[in-house]
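Trainee: Could you walk me through reading a model like this one? I would like to learn how to go from a feature to what it says.

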Amino acid sequence: MTMTPNVAMYMHQELVAERIRGLHEEAAEQRLVSRIQDVQRARRKAERASRRLLAALART
């Protein structure tokens, strides 16, 4: 059984479209991971600032 050029082109287009969808999903996941890391970093920074403030207040 041989593939016609139209079938081959369709299969190629489907593979390309599937790859693009996969890349979009990966990018969305990476954006989410980045946002989560940003929030965690900000939380740690706020906790450190709070500890420094409490220590400063305790010294006065």
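**Reading a helix and its surface**

Mentor: Gladly! Let's begin with a pair of residues: D38 and R41 both sit in helix 1, 3 residues apart, which is about one turn of the helix. Keep in mind that this is a predicted model.

Trainee: What do the side chains of D38 and R41 meet in?

Mentor: The general idea is that side chains of opposite charge can pair when their charged atoms come close. Here the side chains of D38 and R41 meet in a salt bridge, at 2.9 Å from N to O.

Trainee: How many salt bridges does a search of the whole structure find?

Mentor: The search turns up 2 salt bridges. Besides D38 with R41, there is R19 with E26, whose side chains meet at 3.9 Å, N to O. The cut-off for that nitrogen-to-oxygen distance is 4 Å.

Trainee: Does D38 count as buried or partly exposed, and what about R41 and E26?

Mentor: Here you need the cut-offs: under 20% relative accessible area is buried, over 50% is exposed, and partly exposed is in between. D38 counts as partly exposed because its relative accessibility is 40%. R41, at 46%, is partly exposed too, and so is E26, at 43%.

Trainee: What share of the 60 residues is buried?

Mentor: Buried residues make up 0% of the 60 residues. Now add the fold: the protein has 1 helix and 0 strands, and helix 1 covers 5-59.

Trainee: How does the radius of gyration of the protein compare with that of a compact globule of 60 residues?

Mentor: A useful way to read that value is against a reference. A compact globule of 60 residues would be near 10 Å, whereas this protein has 26 Å. The C-alpha trace gives a second view, spanning about 85 × 15 × 5 Å along its principal axes. You can also follow a pair along the chain: S34 and E47 are 13 residues apart in sequence, and their C-alpha atoms are 20 Å apart in space. S34 belongs to helix 1 and is partly exposed, because its relative accessible area is 33%.

Trainee: Which residues form the nonpolar patch on the surface?

Mentor: Those are M3, V7, Y10 and M11, with about 410 Å² of accessible area together. M3 lies in the segment before helix 1, and it is exposed because its relative accessible area is 52%. For the protein as a whole, the accessible surface comes to about 5900 Å², with 61% of that belonging to carbon and sulfur atoms.

Trainee: And charge? How many positive and negative side chains are there, and how far apart do the centres of the two sets lie?

Mentor: Count the signs, then look at where they sit. There are 12 positive and 7 negative side chains, and the centres of the two sets lie 18 Å apart.

Trainee: Which residues gather in a patch of positive charge?

Mentor: R44, K45, R48, R51 and R52 make up that surface patch. Take R44 as an example: it lies in helix 1 and counts as partly exposed because its relative accessibility is 43%.

Terms used:
Residues are numbered from 1 along each chain as its sequence is written. This is a predicted model: local features need pLDDT of at least 70, side-chain atom pairs count only at pLDDT 80 or more; totals for chains, interfaces and linings use all residues. Side-chain values use heavy atoms; hydrogens and water are left out. Patches are made of residues with over 30% relative accessible area and no salt bridge: like charges are joined within 9 Å, nonpolar side chains (Val, Leu, Ile, Met, Phe, Trp, Tyr) within 5 Å. Accessible areas come from the Shrake-Rupley method with a 1.4 Å probe; for residues, only the protein chains shown count as cover. Helices (H or I, at least four residues) and strands (E, at least two) are DSSP runs, numbered from the N terminus. Buried means under 20% relative accessible area, exposed over 50%, partly exposed in between (1.4 Å probe, protein chains only). The radius of gyration is taken over C-alpha atoms; the globule rule is 2.2 Å times the number of residues to the power 0.38. Lys and Arg count as positive and Asp and Glu as negative; His and the chain ends are not counted. The place of a charge is taken as NZ of Lys, CZ of Arg, CG of Asp or CD of Glu.
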